Amino acid sequence: MIRIVPSDEVPWEDVEAIFDGSEPGKCHCQRYKVKGWLWRDSTLDERYAAHCEQSARGSGLVAYVDGQPAGWVAVEPRCDYAKLLDMPIPWKGRSEDRDDDGVWAVTCFVVRKGFRRQGLTYELAAATVAHARSHGARAVEAYPMTAAPGQNVTWGELHVGARQVFEEAGFVQVTHPTKRRFVMRVDFWMTSDPQPRSLPSAGPA
């Protein structure tokens, strides 16, 4: 059974377990938070502490599979991602208020070893839609990638999610700034709310 819960309703130890011993555990969802070069301008201890604090105020969703913490997705107001606001690719071909707190962003997926290849990112992506809308967002967007013909997408790139994952969650393409990168979005005033496969619940068992 899969349950998806806001991160401010779960123990930090459960989030930590998802990241522990993995490549995402080096970043701790700070890539779009830390201005400058992540590895030069922040330390692992600083990233860890920042993620702990952010998670406690609801910076993501945590997926449980049969009661075990198994997956994470970062989703919160877009303006909370200081580095994202300065990156050129998400804004290429469009003009809007980057500081609009009514637009939320999905920036990172992490699935714990042992729970991969079970479709958990699809569940998490779908849950971000209802979660953002329930918090008053006007829209939620994402920045997925797809592999070019004959090329592979490494995990380090695919942490943003694959295009197909967001398509199935009801996101539609806004721009296609590079060959492999897309900006996809759900505008709640324009469309009915896609029904997620898993809704946030009251907390872990």
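## The cavity lining

By class, 4 nonpolar, 4 polar and 2 charged residues line the largest cavity. The model you are looking at is a predicted one, and this lining is a good place to start reading it. The residues to pick out on screen are Cys 29, Lys 33, His 51, Gln 54, Ser 59, Trp 72, Ala 74, Glu 76, Tyr 81 and Thr 107.

Which elements each supply at least two residues of this lining? They are helix H4, covering residues 44-56, and strand S3, covering 68-77. Strand S3 gives the largest share, with 3 residues. As for volume, the largest cavity holds about 40 Å³ of space, and the structure has 1 cavity of 30 Å³ or more.

## The protein as a whole

Stepping back, the protein contains 8 helices and 7 strands. Of its 205 residues, 51% are buried. Among contacts with a separation of 6 or more, 70% are between residues 24 or more positions apart.

How confident is the predictor? The pLDDT averages 89 over the protein, and 87% of the residues score at least 70. Residues 191-205 have a pLDDT below 50, although this stretch makes 44 contacts in the model beyond near neighbours in sequence.

## Helix H6

Helix H6 takes in residues 120-134, which makes 15 residues. From its first C-alpha to its last, H6 reaches 21 Å, close to the 21 Å expected at 1.5 Å a residue.

Why is H6 described as largely enclosed by the rest of the structure? The reason is that 11 of its 15 residues are buried. If you would like to trace them, the buried residues of H6 are Leu 120, Glu 123, Leu 124, Ala 125, Ala 126, Ala 127, Thr 128, Val 129, Ala 130, His 131 and Ala 132. The charged residue Glu 123 is therefore under the 20% cut-off for relative accessible area, along with the others named. After H6 comes Gly 136, which has a positive phi near 90 degrees.

## Two residues with positive phi

Most residues other than glycine have a negative phi. Against that background, two residues in loops deserve a look. Cys 29 is not a glycine, yet its phi is positive, at about 60 degrees. You will find Cys 29 in the loop between helix H2 (24-27) and H3. This residue also belongs to the lining of the largest cavity.

Asp 66 is likewise a residue other than glycine with a positive phi, here near 50 degrees. Its place is the loop between strand S2 (60-65) and S3.

Is each of these residues buried or exposed? Cys 29 is buried, because its relative accessible area of 12% falls under 20%. Asp 66 is exposed, because its value of 58% is over 50%.

## Asp 41 in helix H3

Asp 41 sits in helix H3, which runs over residues 38-41. With a relative accessible area of 35%, Asp 41 is partly exposed, since that value lies between the 20% and 50% cut-offs.

Which residues does Asp 41 touch once its neighbours within four places in sequence are left aside? Its contacts are Val 34, Lys 35, Gly 36 and Glu 46.

Key. Residues are numbered from 1 along each chain as its sequence is written. This is a predicted model: local features need pLDDT of at least 70, side-chain atom pairs count only at pLDDT 80 or more; totals for chains, interfaces and linings use all residues. Side-chain values use heavy atoms; hydrogens and water are left out. On a 1 Å grid over the protein atoms alone, a cavity is a set of points where a 1.4 Å probe fits but cannot get out, and a pocket is an open set with protein on both sides within 12 Å along at least five of seven lines; lining residues have an atom within 4 Å of a point. Grid points are joined across faces, edges and corners, and a volume is the space filled by probe spheres set on the points. Helices (H or I, at least four residues) and strands (E, at least two) are DSSP runs, numbered from the N terminus. pLDDT is the predictor's confidence in each residue, from 0 to 100. Contact means heavy atoms within 4.5 Å. The expected span of a helix is 1.5 Å times one less than its number of residues. Buried means under 20% relative accessible area, exposed over 50%, partly exposed in between (1.4 Å probe, protein chains only).
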